[in-house]
Amino acid sequence: MKMAILTRDGSIYSCKRLRDAAEERGHQVQIIDPLSCYMNINSDSPAVHYRGETLGHFDAVIPRIGTATTFYGTAVLRQFEVRGSYPLNESVAITRARDKLRSLQLLAREGIDMPITGFASSPDDTDDLIAMVGGAPLVVKLVEGTQGIGVVLAETRQAAESVIDAFRGLNAHILVQEFIKEAQGRDIRCLVIGNEVVAAIEREAKEGDFRSNLHRGGKARAVHITDQERDVAVKAASTLGLEVAGVDILRANRGPLVMEVNASPGLEGIEGITGLDIATMMIKWIEQHACPGYRPKTGG
C-alpha cells in the first residue's frame, strides 16, 4: 500500500515509529507537511499539490496533526478523503476531539461520566459557575490548551475568581471543572485502536504539581484497568468517531471519569513503558480497513 503521514516534523518518535512499522510490512510511506500542501477543490479532479508537484493517490493517510495546525491540517486531510484515501482518523473526528467543549458535550450526551464542568462568558456568572462545580478547589482550563498548558488548579475561592477573571480579561475561552481529589494527581491513559484498549498506563504528576502529563515531568507505569474503565475508554473514542485515540480517565470514588480524548496520542511514553509495538498495531488496523484483501509482504 501507499501511505502518507501528515506531520510538520517527521523526525519525532511517533512519526518515525509509524513510518518504520509501515515500511517493515512492505508499504511505501511519504512524510508530508500539511502546511506545505495546497489544494485544487473541484468536482472533476480534486487534487493536492505539494511543493510544486501534484500528489498521486494514497491508499491511506495517517494524520499526526498538531493542535496549532488543526484547521489547515484537517482541511488537507479532508481533501485526501475526498480523493478516496482511507484516514486512520477522519478529519471531522479530529476536529470534534480538538474542541474540548464540543467533545465534552458529545460525551455527556452519550451518558459518559466526567468531572462536573462549567462553561460561561460573562464575569457576572463567576459565583454561580464556581458553585456549579462544587466550589474550590477547582480546575480552570483553556479550551485550546494541550499537554497540560493552560490548566490551573485554584485551591481557594479567591484564587478561582482571580484565575477566571484573568483568563476572561484575555478573551480566552475557559472550562471550569470539579477537582477530583481522590485521583491524587494520577490518571489513566488508555490507548484505543478500534473497539479495543491495546495498552494502558497510569501517569502521576511530579511533586508539587497536579498535572500528570509526561510532557510536564510526570512519571508513569503500566497498569491493569477494570472492565468498566475499558468499556468507558472504547465508548468515548467511538462517540467522537476516532479509530485511534488516547483516552484519559480519572479514578474517582463514583467510578471512572473521562477527562479528555486525544486524537493524536503520542507513542513514545506508552510504548517505552509497556514494551508493546503499538505502531505496528496501528498499521495492521489500516491494512484491515483500507484494503481488506491486502496481505503484507513481511511480518505476521
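**Exercise 1.** Find the buried residues of α3 and work out how they sit around the axis.

*Solution.* Start with the list: Ser91, Ala93, Ile94, Ala97 and Arg98 are the buried residues of α3. Buried here means under 20% relative accessible area, with exposed over 50% and partly exposed in between (1.4 Å probe, protein chains only). Helices (H or I, at least four residues) and strands (E, at least two) are DSSP runs, numbered from the N terminus.

Next, the directions: these residues cover an arc of only 160° around the axis, so they are on the same side of α3. That arc is the one of the directions from the helix axis to the C-beta atoms. The background is handy: an α-helix has 3.6 residues a turn, so residues three or four places apart point the same way.

Last, the partners: the buried residues of α3 pack against β6 (60-63), α2 (70-82), α4 (100-109) and β16 (255-262). Contact means heavy atoms within 4.5 Å.

A word on the model: it is predicted, so local features need pLDDT of at least 70 and side-chain atom pairs count only at pLDDT 80 or more, while totals for chains, interfaces and linings use all residues. Residues are numbered from 1 along each chain as its sequence is written, and side-chain values use heavy atoms, with hydrogens and water left out.

**Exercise 2.** Place Asn89, then say what its side chain reaches.

*Solution.* First, Asn89 is in the loop between β7 (86-87) and α3 (91-98). Its relative accessibility is 3%, so Asn89 counts as buried.

Now go to the polar contacts (pairs of N or O atoms within 3.5 Å; within protein, one must be able to donate a hydrogen and the other to accept it, and residues adjacent in sequence count only if both atoms are side-chain atoms). The Asn89 side chain reaches the backbone nitrogen of Glu243 at 2.8 Å. A polar atom of that side chain also lies 2.8 Å from the backbone oxygen of Val244.

Finish with the neighbours: leaving out residues up to four places away in sequence, Asn89 touches Pro63, Leu77, Glu81, Ile94, Leu242, Glu243, Val244 and Ala263.

**Exercise 3.** Describe the largest nonpolar core.

*Solution.* Such a core is a set of buried Ala, Val, Leu, Ile, Met, Phe, Trp, Tyr and Cys residues joined through side-chain atoms within 4.5 Å. The largest has 42 residues, and Ile32, Phe80, Val247, Val258 and Val261 have the most contacts inside it. Helix α7 (residues 227-239) gives the most to this core, with five residues. Apart from it lies another core of 26 residues, including Met1 and Trp285.
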